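Visitor: I would like a close look at one part of this model, the sheet and what lies around it. Please take me through it step by step.

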Amino acid sequence: MTQRIFLCADIEIPPNSPHRICPAKRGSAYLLYKVDGALFMTDELCTHAQVSLLTGELHGHQIQCPLHGGAFDIRTGMATEFPCKQPIRTHRVEVADGAVFGFFE
Ligand code: FES
C-alpha cells in the first residue's frame with residue numbers, strides 16, 4: 001500500500017543541492033532535490049558502501065557520491081558512474097499548496 005507523507009515546505013528545499021529529510025512515520029532518511037524547479041527524491045545512502053549522499057555534488061540530475069565518486073541519476077535511480085552498480089531507490093514527490101509530500105511503497 002502506498003503511503004503519502006508530508007515532508008517539508010517547498011521553500012525549504014534549496015535548488016541544486018541535496019536536502020535531507022527524515023519523516024517521522026518512516027524511520028529512514030531521504031534526500032530531496034530541486035532541479036529546474038522540479039522535485040525528486042531518493043534514499044539517502046549510496047548503494048555501493050552505504051554512505052550518505054547528502055554532501056555529494058549534484059551535477060544536473062546526477063548525484064555524485066562523496067566517498068568513491070560513483071553517481072546516480074536522481075530521476076530514475078540508475079547508477080551512472082563506477083563503482084556504483086545497484087540503482088538507488090527513488091520516490092514520487094508532489095507539491096500541494098506549498099507543502100511537499102512523498103509517496104512510499
Ligand atoms: S560509497 Fe558511494 S561510490 Fe562508494
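Guide: Start with strand 6, residues 62–64, which is joined to strand 7 by three bridges, the two running antiparallel. Within this pair, Ile 63 has Phe 72 of strand 7 as its bridge partner. Bear in mind throughout that the model is predicted.

These two strands belong to an open, antiparallel sheet of four strands, ordered 5-6-7-8. Strand 5 and strand 8, the latter covering residues 79–81, are the edge strands, and each of them pairs on one side only. From one strand to the next, the twist averages 30 degrees.

At one edge, strand 5 spans residues 57–59 and includes Glu 57. Is Glu 57 buried or exposed? Glu 57 counts as partly exposed, because it has 15 C-beta neighbours inside 10 Å, while a buried residue would need 20 or more and an exposed one 12 or fewer. Ser 17 is 40 residues away from Glu 57 in sequence, yet the C-alpha atoms of the two are 7.3 Å apart.

The bridge partners Ile 63 and Phe 72 also lead into the interior. Both are among the residues with the most contacts inside the largest nonpolar core, a set of 20 residues. Leu 31, Leu 32, Tyr 33, Met 41 and Cys 84 are listed with them. Three elements give two or more residues to this core: strand 3 (30–35), strand 4 (38–43) and strand 7 (71–73). The largest share, four residues, comes from strand 3. As a general background, nonpolar side chains in soluble globular proteins tend to be buried together.

Cys 84 ties several of these places together. Beyond its neighbours within four places in sequence, Cys 84 is in contact with Ala 71 and Phe 72, and with Gly 70 and Ala 79. Its other contacts of this kind are Cys 46, Thr 47, His 48 and Cys 65.

For comparison, there is another open sheet, with three strands in the order 1-10-9 and antiparallel pairing. Strand 1 (3–9) and strand 9 (93–96) each have a single partner strand, so one side of each is left without a neighbour in the sheet. Six bridges connect strand 1 with strand 10, residues 99–104, and in this pairing Ala 9 is matched with Ala 99. Strand 9 and strand 10 share four bridges, with Val 93 opposite Gly 102. Two residues separate the strands of that hairpin, where Asp 97 takes a positive phi near 55 degrees.

Note on methods:
Residues numbered from 1 in each chain as written. Predicted model: local features only at pLDDT ≥ 70, side-chain atom pairs only at ≥ 80, totals over all residues. Pairing = 2+ DSSP bridges. Core = buried A, V, L, I, M, F, W, Y, C linked by C-beta atoms within 7 Å. Contact = placed C-beta atoms within 7 Å. Axes fitted to C-alpha atoms, helices over the stretch in contact; angles between N-to-C directions.
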